[in-house]
Amino acid sequence: MDHIDSILQSQKIFFNSGKSKKVSYRFERLKVLKKVLVMRESEILQALNDDLGKCIFEAYTSEIGLVKLEINTCLKRLKKWAKPQKAKTPLYLFPSRSYVHKEPFGQTLIVGPFNFPFQLVMIPLVGAIAAGNTVVVKASDKTLATSRVITKIIEDVFDEVHAVCVDGGLETSKLLLQKKWDFIFFTGSTLVGKIVAEAAAKNLTPVVLELGGKNPVIVDKDANLINAARKITWGKLLNAGQSCVAPDTLYVHVSIRERFQELLITEFQKFISISRERNEFSKIVDESNIKRLQQITEGEKIGFGGKINGQWLEPTIVLDADARSNIMKEEIFGPILSVQSFENLDDLIQLLQSKEKSLALYYFSENKLNQQKVLQELSSGDAGINEVVLHFVNNNLPFGGVGASGIGKYHGKYNFDTFSHSKSIIKSTTFFDLPFRYVPYKNMHYKLLRFLMK
């Protein structure tokens with residue numbers, strides 16, 4: 001506790017010195033961060049393999065590569081983002097001028113998850129540094145190898161007064177949440193997100209909560225079935241399904257259910273065959289999550305897979321689970337796909353509207369009117385039409401949830417904006433001063449202002 005208090009005190013002094021706010025200093029630290037990432041790339045790859053069994057391709061494309069893209073975007077555009085932006089000033093405020101100035105919040109806390117333990121810490125870190133904040137990182141204690149590498153990288157790049165990674169488990173997280181922060185960024189489950197939000201509310205601290213949910217996938221009768229089966233299989237089995245944007249529950253039109261189920265099983269079989277041969281299938285993070293996945297499939301009709309070998313769970317298809325079952329109520333977060341049928345799109349939309357808002361929504365169909373219908377009538381954090389997951393890796397798009405799936409957006413410029421306070425500024429000359437605002441209020445001034453404020 002004394003160590004954390006000491007860090008917070010030293011970071012507060014550093015932030016108030018104004019050094020982290022200097023754009024040149026932010027720029028220089030991001031360049032060093034990029035250099036260190038390259039230098040430690042092999043260590044990061046090994047750590048991700050140790051913790052989650054990630055192959056090189058998956059570890060780079062879903063972790064390291066995304067962080068590099070985020071840094072490159074910041075280096076290209078940071079100076080522009082940090083400049084005060086002119087805003088229109090209405091005629092009734094003449095002769096004033098208006099601006100929006102981006103300023104850092106101050107002392108920020110970033111709490112990372114285990115599923116993408118590198119990029120879901122480092123991308124928010126990039127945004128926080130780019131915006132001029134100081135940072136305390138709490139990486140996941142379930143992925144210790146990756147957490148150790150993150151600690152090394154932060155020590156290589158930053159002084160402790162600027163950014164630091166704090167080790168520890170649940171007790172450390174609880175202790176950190178008791179402190180007063182200027183901003184908190186949390187990625188994890190909805191349950192823990194509520195705890196973070198409650199702790200932040202005591203100090204009126206703004207938060208971003210990147211959570212999850214039961215992301216529905218709808219495959220309609222006019223979908224390209226082969227294309228849909230391949231994409232859904234890939235999106236479901238990426239990182240062994242331990243992804244907040246993974247397809248969770250699949251709703252297939254009854255008229256194509258049998259054919260699509262055959263295609264899906266074929267794709268699952270192909271994935272297993274190739275991934276076993278090449279050792280390219282990730283493992284479940286720990287025994288407690290293996291047990292959790294076992295429990296939610298108990299008593300269910302298994303259409304494919306389901307075998308367990310240590311921390312590896314065979315890709316699994318569960319058929320027609322009861323709406324009251326755990327697999328239909330809990331976020332799966334593993335290589336298990338729950339498959340249901342539907343007959344009428346309007347009825348399915350009504351059913352999904354009755355559920356919590358998801359982080360992602362996926363719809364496969366060639367019908368453009370139905371595509372628009374699904375997007376307009378179903379609220380979700382983000383969505384894909386004839387696609388899954390890829391919205392997450394486009395850092396020109398804001399990423400984040402809505403309702404129970406999260407609060408706030410980030411990636412690219414949205415990352416910089418998330419860690420910045422937008423300060424409105426109005427600047428007036430003192431050479432002359434129009435009398436409209438001052439007493440006595442004259443009728444002619446009232447009429448003129450009514451005209452100008454139409």
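Three short exercises on a predicted model follow, each with a worked solution.

**Exercise 1. The sheet**

Find the strands at the edges of the open sheet of six strands, and say what is left on one side of each.

Solution.
- Start with the strand order, which is E5-E4-E3-E6-E7-E17, with mixed pairing.
- Now take the two ends. Strand E5 (163-165) and strand E17 (406-407) each have a single partner strand, so one side of each lacks a neighbour in the sheet.
- Next, look inside the order. E6 (residues 183-187) and E7 (residues 207-210) run parallel and pair over four bridges.
- One of these contacts can be named by residue: Thr187 has Glu210 in E7 as its bridge partner.
- Last, add the helix. H8 (residues 190-201) packs on the sheet and touches E6 and E7. The direction of H8 makes about 175° with that of E6.

**Exercise 2. A salt bridge**

Locate the salt bridge partner of Asp5, and state which parts of the chain the pair links.

Solution.
- The structure holds 21 salt bridges.
- Asp5 forms one with Lys179, and their closest N and O atoms lie 2.7 Å apart.
- Place each residue. Asp5 sits in helix H1 (residues 2-17), while Lys179 sits in the loop between helix H7 (170-177) and E6.
- The two are 174 residues apart, and the pair links distant parts of the chain.

**Exercise 3. A pocket**

Describe the lining of the second largest pocket by class and by helix.

Solution.
- The volume of this pocket is about 710 Å³.
- It is lined by 28 residues, and the closest to its centre are Phe57, Glu58, Trp234, Leu238 and Phe271.
- Sort the lining by class: 15 nonpolar, six polar and seven charged residues.
- Then sort by helix. H4 (56-82), H9 (225-237) and H10 (257-278) each supply at least two lining residues.

Methods:
Residues are numbered from 1 along each chain as its sequence is written. This is a predicted model: local features need pLDDT of at least 70, side-chain atom pairs count only at pLDDT 80 or more; totals for chains, interfaces and linings use all residues. Side-chain values use heavy atoms; hydrogens and water are left out. On a 1 Å grid over the protein atoms alone, a cavity is a set of points where a 1.4 Å probe fits but cannot get out, and a pocket is an open set with protein on both sides within 12 Å along at least five of seven lines; lining residues have an atom within 4 Å of a point. Grid points are joined across faces, edges and corners, and a volume is the space filled by probe spheres set on the points. Ala, Val, Leu, Ile, Met, Phe, Trp, Tyr, Cys and Pro count as nonpolar, Asp, Glu, Lys and Arg as charged, and the others, Gly among them, as polar. Two strands pair if DSSP finds at least two bridges between them. Contact means heavy atoms within 4.5 Å. Axes are lines fitted to C-alpha atoms, for helices over the stretch in contact, and angles run from 0 to 180 degrees between N-to-C directions. A salt bridge is a side-chain nitrogen of Lys or Arg within 4 Å of a carboxyl oxygen of Asp or Glu.
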